[in-house]
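Trainee: I am new to this structure and would love a close look at a single part of it. Could you take me through the salt bridges and the surroundings of their partners?

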Amino acid sequence: MTIQIELISESELADESFSIVIDGLKPRETYRVEMFLSDYYCINAPMLLAHDGLWRSTGIFVSDKNGIIDMSQTPSCSGSYEGISTMGLFSNAKPLTNKKKKLPTSLSKIPLLDRFFVEIKIMQGNTVIAERTFTRHYMSSQISHKDIYGKYFQGRLFYDKKAIKTPALIIVSGSEGRIEKAQNIAQLLSSRGYICLAVAYFGLERLPNYLERIPLECLVEAKDYLRQHPQVDSEKIGIYGRSKGAEFVLAEESFFNDVQCLVLNSPSDVVYEGIEGKWNSHTSSWTHLQKELPYQKFRLRDYLFSKLFRKPIPKDCSARIDISQLHSPILLLGSTVDEIWDASSAINDIISHYKGHYITFKKYHETGHMLTVAYQPNHRYRKDWRLLMKESKDSWLATIHFFDRHLKKQCYKSYGNDIKK
């Protein structure tokens, strides 16, 4: 009987789980299964890690009485993980090299990174007895893209050419300021029925070089672009911000409050000092009408004290983002063990100052600052990878359900801790 390798998944999208089933093996024999990922972009990996390097994982399995290895039922005896896990091989894949790349400064030269390849090899000893390659996608085949060059931002738009009056999302990533991570999120959300604009706010040609004095007008211009787009429903626009991007979004919306909903992933409720390269800039991160927003200065003493005694840095009340006029529904996602800043207390403070009608939150206890796309390997934290995978899946589904609820009016069972005011 010929050995058959099958990948079983509800879709080919990269944020869906999949199982590998191998049939036609000899019953009750030991095999090594190797997984290789190529052309793979991992949102949790360092920005400079080259995406053209191979990722690899292995598992030792014993076939059942029918000569089948089913990852959803057959335990791995050893290798990259042990036990039964449908996504065990994928979630434990690691890059084979730490090859670095130079980041392009031109938007047009940033690769699309819309798909990657999963190669499965079945080994007995040093012999490959079967192999097969599958393709996973970050965006559906019907999604097109277009580079956008504004005065204050540059971005990449993801859209279905056949879409009519479609809800739209702006995606803003963290302190890297570029579009790679925002693009990864935008591609997947566009595949779920949104027109998505991944926004870069510094670090590219004709944009600021550093994370300092970034105009809030950047997001204003992005919203205006979407409202004028003929395929966008201008009354159904949401924004997703993560990390420093969440701070950016909250600061901007505290002035304008003109979108239908916000998702703030690992947020801050204060404006922090800007960053010039590796150093604090002695300026605010953000400006409005060319005037700096009040900001919390970086003090080495406070930083060292917080690390030594594991206590949060005291907040400067003058730098707090005033959200008293913000009424858009908000989903807050964060960790109680955030290693970058105290996202947990920021969530508490945002909730306490929010005067709108609907706010919901979810806090996690294993994953730190990197709450991103479901199922992607995350080796930043030396914790139980199963719990990391579970929390990333949960936060990602909460994001999708929240946007669907408020922009598509689709009803879901509550997916967070709702606070109605």
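Mentor: Here is a walk through some of the charged pairs, with a look at how covered their partners are. Please keep in mind that this is a predicted model. The structure holds 22 salt bridges, and a few of them make a good tour.

Let us start with D147 and R156, whose side chains meet in a salt bridge at 2.7 Å, N to O. R156 is buried, because its relative accessible area is 3%, and buried means under 20%. Its partner D147 is partly exposed, with a relative accessible area of 22%.

Next come R115 and D114, where the N to O distance of the salt bridge is 3.7 Å. D114 has 19% relative accessibility, so this residue counts as buried under the 20% cut-off. R115, on the other hand, is partly exposed at 39%.

The salt bridge between the side chains of E339 and R380 spans 3.0 Å, N to O. This pair links distant parts of the chain, 41 residues apart. E339 lies in the loop between β21 (330–335) and α6 (343–353), while R380 lies in the loop between β22 (358–364) and α7 (385–408). Both partners are partly exposed: E339 has a relative accessible area of 26%, and R380 has one of 42%.

Finally, some salt bridges share partners, and in this way K223, D224, R227, E252, E253 and D258 are joined into one network.

Definitions and conventions
Residues are numbered from 1 along each chain as its sequence is written. This is a predicted model: local features need pLDDT of at least 70, side-chain atom pairs count only at pLDDT 80 or more; totals for chains, interfaces and linings use all residues. Side-chain values use heavy atoms; hydrogens and water are left out. A salt bridge is a side-chain nitrogen of Lys or Arg within 4 Å of a carboxyl oxygen of Asp or Glu. Buried means under 20% relative accessible area, exposed over 50%, partly exposed in between (1.4 Å probe, protein chains only). Helices (H or I, at least four residues) and strands (E, at least two) are DSSP runs, numbered from the N terminus.
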